[in-house]
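This briefing covers a few local features of one protein model, grouped by topic. Please look at the sequence and structure first.

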Amino acid sequence: MKTNTNTRRVVVTGVGVVSPNGLGCATFWESTRNGISGIGPISLFDAHKLPCRIAGEVKQFSAENYLTSIDLKRVGRAVPFAIAATREALQDARIETAELSLQEKRELGVILGSGGGATDFAEEQYRLFFNDQLRKVSAYNVSSSTMGAISSEVSLYFGLRGPSHVLSTGCTSSTDAIGYAYNMIRFGLAERLITGGADATITHGIMLGFCVMRAVCGSFNEQPWRASRPFDNSRAGFVLGEGAWILILEERERAMERGAPIYGEILGYGSTCDAHHRVRLDPCGEEPARAMELAIKDAGVAKDEIGYMSLHGTSTLLNDKIETIAAKLCFGRLAHGIPMSSIKSMIGHPQGASGAAGVVATILGMRHGYLPPTINYDESDPECDLDYIPNRGICRSVEVALCNCIGFGSKNSALVIARGERL
């Protein structure tokens with residue numbers, strides 16, 4: 001393994017999770033390793049007239065534990081998700097923000113990814129407007145509807161003075177946010193950063209749009225846990241999800257000096273664009289493959305060192321096929337020997353937060369020596385013929401993994417991660 005010695009090394013020292021299949025990192029991991037789905041009937045709005053009436057909703061989450069009832073009316077659902085996951089990640093990393101000096105608060109920033117931001121908040125404001133309920137429109141309808149509000153709310157909540165940014169690149173948003181945070185730290189532009197993704201786009205308007213697009217699955221409304229089935233021959237569309245997956249990134253030497261727990265190391269990042277179509281990938285798979293190639297090259301590792309791949313795996317007919325093609329283009333004959341899986345089979349597709357979800361699951365899998373499965377894999381597709389770890393996870397010690405992400409607008413991103421114990 002080769003390590004780039006010209007830049008600083010970046011490690012993960014804390015993790016926090018709010019997921020459809022578990023609140024908190026430990027519960028999320030237990031559910032994910034055991035193939036437990038968090039997908040069920042939609043409860044956030046009346047979906048009975050829609051072709052798809054299921055989603056990966058976050059359940060039993062008490063937003064009141066993080067914000068007052070007044071503040072909850074002023075922000076979107078993604079905000080308390082992000083705050084809750086950040087609080088857990090900071091505690092995990094042994095960082096007490098209340099005890100930080102002013103300089104330390106200036107050295108701790110927030111770089112998040114979100115595809116939809118506060119879509120639910122904005123939809124409610126439009127509903128009030130078009131129903132002549134102008135007096136009920138929030139005074140924060142402009143500020144809280146913007147994408148950047150999520151990182152701002154996290155910075156405000158914890159009193160942080162470092163950079164506060166949101167990257168919104170569709171489904172690749174949080175992968176790009178982690179890559180951006182990684183580059184900021186390794187090139188000396190930041191010391192510690194809160195990164196990852198948060199999204200909450202399970203709204204009537206968004207779901208209607210996906211139904212019109214015929215992108216979501218309408219075949220398993222009576223058996224929602226079976227609906228998300230990446231790479232299976234009977235897959236019929238993705239299942240919308242939501243949640244927040246947050247990581248604390250730090251410069252390695254500083255983290256080791258303060259005795260922080262080290263989950264893993266970010267080794268490389270790559271990003272490309274097909275420039276092909278608004279919502280469809282180029283069938284050739286060349287640019288997703290190139291994003292993987294760039295990440296591997298940036299990491300300074302050989303392809304035969306990749307022991308696991310976290311796939312985007314949306315459960316759509318073309319996406320899964322093209323991602324399979326891309327993996328083969330990148331790895332050649334090695335592709336058939338790499339175990340890989342999509343946790344969207346259990347949590348649905350949390351849009352811009354999906355990349356961070358895959359990264360967190362990968363880090364936890366490497367930490368515990370166990371690779372999570374792709375559930376609902378019942379019938380193989382001749383055009384998707386790689387090892388997707390069907391239905392049951394496997395015990396496997398992995399030193400280096402690749403996390404892949406693909407998004408609308410033909411965007412592609414990938415991260416290479418190393419197991420923490422190797423440090």
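**Surroundings of Leu50**

Not counting residues up to four places away in sequence, Leu50 touches Phe45, His204, Met207, Leu208 and Cys211. The model is a predicted one. The points below continue with Leu50, then take up helices H1 and H6, and end with Asn404.

- Leu50 sits in the loop that runs between strand E3 (40–41) and strand E4 (54–55).
- The relative accessibility of Leu50 is 6%, and the residue counts as buried because the cut-off is under 20%.
- Pro390 is 340 residues away from Leu50 along the chain, and the C-alpha atoms of the two are separated by 30 Å.

**Helix H1 and its packing on H13**

- Helix H1 spans residues 25–33, and its buried residues are Cys25, Phe28, Trp29, Ser31 and Thr32.
- These buried residues lie on the same side of H1, because they cover an arc of only 165° around the axis.
- The axes of H1 and helix H13 (residues 354–368) are 11 Å apart and meet at an angle of about 80°.
- H1 is therefore roughly perpendicular to H13, since angles of 65 to 115 degrees fall in that class.
- On the H1 side, the contact is made by Cys25, Phe28 and Trp29; H13 contributes Ala357, Val360, Ala361, Leu364, Gly365 and His368.
- Seven of the residues in the contact of H1 with H13 are nonpolar, two are polar and none is charged.
- Gly35, just after H1, has a positive phi of about 70°.

**Helix H6**

- Helix H6 covers residues 149–158, with Ala149, Ile150, Ser151, Val154, Ser155 and Phe158 buried.
- The partners against which the buried residues of H6 pack are helix H3 (78–92), strand E5 (108–113), strand E6 (164–167) and strand E7 (192–200).
- A positive phi of about 65° is found at Gly159, just after H6.

**Asn404 in strand E14**

- Asn404 belongs to strand E14, which comprises residues 400–407.
- With a relative accessible area of 5%, Asn404 is buried.
- The side chain of Asn404 makes a polar contact of 2.9 Å with the side chain of Glu323.
- Glu323 is also one of the residues in contact with Asn404 when neighbours within four places in sequence are left aside; the others are Pro288, Met292, Ser310, Leu311, His312, Ser413 and Ala414.

Key. Residues are numbered from 1 along each chain as its sequence is written. Side-chain values use heavy atoms; hydrogens and water are left out. Buried means under 20% relative accessible area, exposed over 50%, partly exposed in between (1.4 Å probe, protein chains only). Helices (H or I, at least four residues) and strands (E, at least two) are DSSP runs, numbered from the N terminus. The arc is that of the directions from the helix axis to the C-beta atoms. Axes are lines fitted to C-alpha atoms, for helices over the stretch in contact, and angles run from 0 to 180 degrees between N-to-C directions. Angles under 35 degrees count as roughly parallel, over 145 as roughly antiparallel, 65 to 115 as roughly perpendicular and the rest as oblique. Contact means heavy atoms within 4.5 Å. Ala, Val, Leu, Ile, Met, Phe, Trp, Tyr, Cys and Pro count as nonpolar, Asp, Glu, Lys and Arg as charged, and the others, Gly among them, as polar. A polar contact is a pair of N or O atoms within 3.5 Å; within protein, one must be able to donate a hydrogen and the other to accept it, and residues adjacent in sequence count only if both atoms are side-chain atoms.
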